Amino acid sequence: MNKRVLILHGLGGSDYPHWQAQLAADLIKQHSVVSFPAFPNRNNPELSIWKENLKKEIEHFNPQIVICHSLANVLWFHTCDELDISLEKLMLVAPVSRTRVVKEAQSFYPYPIAKDLKAKEIIMLASTNDPYMSEEEAMQLKEALNVEINVMKDAGHINADSGFGSHDFALEWLTKEENDKGYM
């Protein structure tokens, strides 16, 4: 896979052993160009600052693929209508509830339902026991966004803290096209 992949972390970041950090390393090994920026004040973020950082990163990096985790999904929903971009793929992992405001990220709420997520292929991943979004809420968001969803059993918030450190699901989805064509 030789693509430009932008990986966006949520509240608190996605440092190793988070699957996003491991995915970034593995994509680089496969000759992808990866941007995995650390947003400022990641434990107490401000939407306007994160949006500005995201816009600059997209302008500079020009990704083909974007992978969001947790609060980064909300950042994408707030920002995508302002972007002049057409991604090949967008992965939305463990979005957070629209009704439960996370105190440390109050400026991100309420968040919009984006009409155009700016990608040709989109998948959302949720969990049956995510403390930040119920399975029912995930299905409602899936319908509102009109995207494909994969609900993982007992994966928590799909992060290392919930015992979920694997990134195989992301790597498989990202390389699916090459695998289907027999490249790998």
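## The sheet

In this predicted model, six strands form an open sheet in the order S2-S1-S3-S4-S5-S6, and their pairing is parallel. The edges are held by strand S2 (33-35) and strand S6 (148-152); each has a single partner strand, so one side of each is left without a neighbour in the sheet. Direction ignored, neighbouring strands of this sheet are turned by 15 degrees against each other on average.

The pairing of S2 can be followed in detail. Strand S1 (residues 4-8) runs parallel to S2, and three bridges join the two. Leucine 6 has serine 35 in S2 as its bridge partner.

## The helices

Helix H1 covers residues 19-29. Which residues of H1 are buried? Trp19, Gln20, Ala21, Leu23, Ala24 and Leu27 are buried in this helix. Just after H1, histidine 31 adopts a positive phi of about 75 degrees.

Helix H3 (residues 71-79) lies across three strands, namely S1, S3 (65-69) and S4 (87-93). With respect to S3, helix H3 runs at about 125 degrees.

## The largest pocket

Rolling a probe the size of a water molecule over the atoms reveals where empty space remains. The volume of the largest pocket is about 300 Å³. Its lining comprises 19 residues, of which Leu11, Gly13, Ser70, His157 and Asn159 are the closest to the centre of the pocket.

What is the character of the residues in the lining of the largest pocket: nonpolar, polar or charged? Nine are polar, eight are nonpolar and two are charged.

Key. Residues numbered from 1 in each chain as written. Predicted model: local features only at pLDDT ≥ 70, side-chain atom pairs only at ≥ 80, totals over all residues. Heavy atoms only, no water. 1 Å grid on protein atoms, 1.4 Å probe; cavity = no way out; pocket = protein on both sides within 12 Å on 5 of 7 lines; lining within 4 Å. Points joined across faces, edges and corners; volume = space filled by probe spheres on them. Nonpolar A, V, L, I, M, F, W, Y, C, P; charged D, E, K, R; others polar. Buried < 20%, exposed > 50% of the residue type's maximum accessible area, 1.4 Å probe, protein only. Helix = DSSP H or I, 4+ residues; strand = E, 2+ residues; numbered from the N terminus. Pairing = 2+ DSSP bridges. Axes fitted to C-alpha atoms, helices over the stretch in contact; angles between N-to-C directions. Contact = heavy atoms within 4.5 Å.
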